[in-house]
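User: I am new to this structure and would like to go through it by question and answer. Please take me through it step by step.

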Amino acid sequence: MKKIIIFLASLLIACLALPFDVHANSTVILVDPGHGGIDGGTGRGPLLEKNLNLDIALKTRNWLQKSGFTVKMTRDNDVDLSSLYPSPIQSRHKRDLQNRLVMIRKESPALFISIHINSSTQPKDKGPLVFYAVESSEGKVLATEVQSALNQVAVSTQRPVGRKNLFLIRHAPCPGVLAEMGYVTNEVDAKRLLDATYRDKLARAMAEAVKRFLQLST
Ligand SMILES: [Zn+2]
């Protein structure tokens, strides 16, 4: 009997200790690595945006799955999405974005994060920067969480920026942000972005921010 009680007690402790939220199971998060395939995005030397976006997105998926979320991705390899669905749109870039939107609508996630890398003519511009649709109050809350989590990793003080004209976050049926991970044109950011451990910290920070946002909105 004593053995059974010890067994049941240890089972209970094991259950309580699981880093797993049962409610997270049914929650779908969509992660969108920007660019891909023929579209490399920005770049400098060994840094190519499409590859960094994908790597950070896969790491983010990993952290979200560890917390019990169902994660969908617009791409999980090096492809552009312009021919994913048939479309009369002429511009390859617009078709790519349109198809990402179609995917978001199909998956109807609780939220999405588009992952990008920034560049600037000003080499001193530095640190992660998160954009949200200016008319979305939920998007702003999500952006604030993601920005603050990324700021902690990058030791930065950037504030999220509301935009009217960013296609995906403007048209998506759920809260979403476009998160720039840093500038390839800044020496410090470029060096950090080459470091897989740093990229994993950014990914983990975003996964934690998603959790906090969903706790705030329930
Ligand atoms: Zn980009």
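User: Which residue just after H4 takes a positive phi?

Analyst: In this predicted model, helix H4 covers residues 137-154, and the residue with a positive phi comes just after H4. Its phi is about 50°, and the residue is valine 155.

User: How far apart are the end C-alpha atoms of H4, and what span should its 18 residues have?

Analyst: The reasoning starts from a rise of 1.5 Å a residue, by which the 18 residues of H4 should span 26 Å. That expectation agrees with the model, because the end C-alpha atoms of H4 are separated by 25 Å.

User: Which elements do the buried residues of H4 pack against?

Analyst: The buried residues of H4 include Gly139, Leu142, Ala143, Glu145 and Val146, and Gln147, Ala149, Leu150, Val153 and Ala154 are buried as well. A general point helps in reading such a list: an α-helix has 3.6 residues a turn, so residues three or four places apart point the same way. The elements that the buried residues of H4 pack against are E5, E6, helix H5 (167-171), E8 and H7.

User: At what angle do the axes of H4 and H7 cross, and what is the handedness of the crossing?

Analyst: Two packed helices are described by the angle between their axes and the distance between the axes. For H4 and helix H7 (residues 196-216), the axes come within 8 Å. They cross at roughly 145°, and the crossing of H4 and H7 is right-handed.

User: How many nonpolar, polar and charged residues does the contact of H4 with H7 have?

Analyst: On the H4 side, the residues making the contact include Val141, Leu142, Glu145 and Val146, while on the H7 side Lys201, Leu202, Ala205 and Met206 are among them. Sorted by class, the contact of H4 with H7 has 12 nonpolar, 1 polar and 4 charged residues.

User: What is the order of the strands in the open sheet of 6 strands?

Analyst: The pairing in this open sheet is mixed, and its neighbouring strands are turned by 25° against each other on average, direction ignored. The edge strands, each pairing on one side only, are strand E4 (70-73) and strand E7 (161-163). Read across the sheet, the order is E4-E1-E5-E8-E6-E7.

User: Which strands does H4 lie across, and which does H7 touch?

Analyst: H4 runs at about 175° to E6, whereas the direction of H7 makes about 150° with that of E5. H4 lies across strand E5 (111-118), E6, E7 and strand E8 (176-183), and H7 packs on the sheet by touching strand E1 (28-33), E5 and E8.

User: Are the residues of E6 buried or exposed?

Analyst: In a regular strand the side chains alternate between the two faces of the sheet. In E6, Leu129, Phe131 and Ala133 point one way, and Val130 and Tyr132 point the other way. The strand is mostly covered, and 5 of its 5 residues are buried.

User: Which residues are the bridge partners of alanine 133 in E7 and of tyrosine 132 in E8?

Analyst: Strand E6 (residues 129-133) pairs with E7 in the parallel sense over 3 bridges, and 4 bridges join E6 to E8 in an antiparallel arrangement. The partner of alanine 133 in E7 is arginine 163, and the partner of tyrosine 132 in E8 is valine 177.

User: How many bridges join E5 to E8, and which residue in E8 stands opposite isoleucine 115?

Analyst: Both faces of E5 are covered, with Leu111, Ile113, Ile115 and Ile117 buried on one side and Phe112, Ser114, His116 and Asn118 buried on the other. E5 pairs with E1 in the parallel sense over 5 bridges, and there valine 31 stands opposite isoleucine 113. E5 and E8 also run parallel, joined by 6 bridges, and the residue in E8 opposite isoleucine 115 is alanine 179.

User: Why does valine 188 count as partly exposed?

Analyst: Valine 188 is found in helix H6 (residues 187-193), and its C-alpha atom is separated by 9.9 Å from that of proline 123, 65 residues apart along the chain. A residue needs 20 or more C-beta neighbours within 10 Å to be buried, and 12 or fewer to be exposed. Because valine 188 has 14 C-beta neighbours inside 10 Å, it counts as partly exposed.

Definitions and conventions. Residues are numbered from 1 along each chain as its sequence is written. This is a predicted model: local features need pLDDT of at least 70, side-chain atom pairs count only at pLDDT 80 or more; totals for chains, interfaces and linings use all residues. Axes are lines fitted to C-alpha atoms, for helices over the stretch in contact, and angles run from 0 to 180 degrees between N-to-C directions. Helices (H or I, at least four residues) and strands (E, at least two) are DSSP runs, numbered from the N terminus. A crossing is left-handed if the near helix is turned anticlockwise from the far one by less than a right angle, and right-handed if clockwise. Two residues are in contact if their C-beta atoms, placed from the backbone, lie within 7 Å. Ala, Val, Leu, Ile, Met, Phe, Trp, Tyr, Cys and Pro count as nonpolar, Asp, Glu, Lys and Arg as charged, and the others, Gly among them, as polar. Two strands pair if DSSP finds at least two bridges between them. The expected span of a helix is 1.5 Å times one less than its number of residues.
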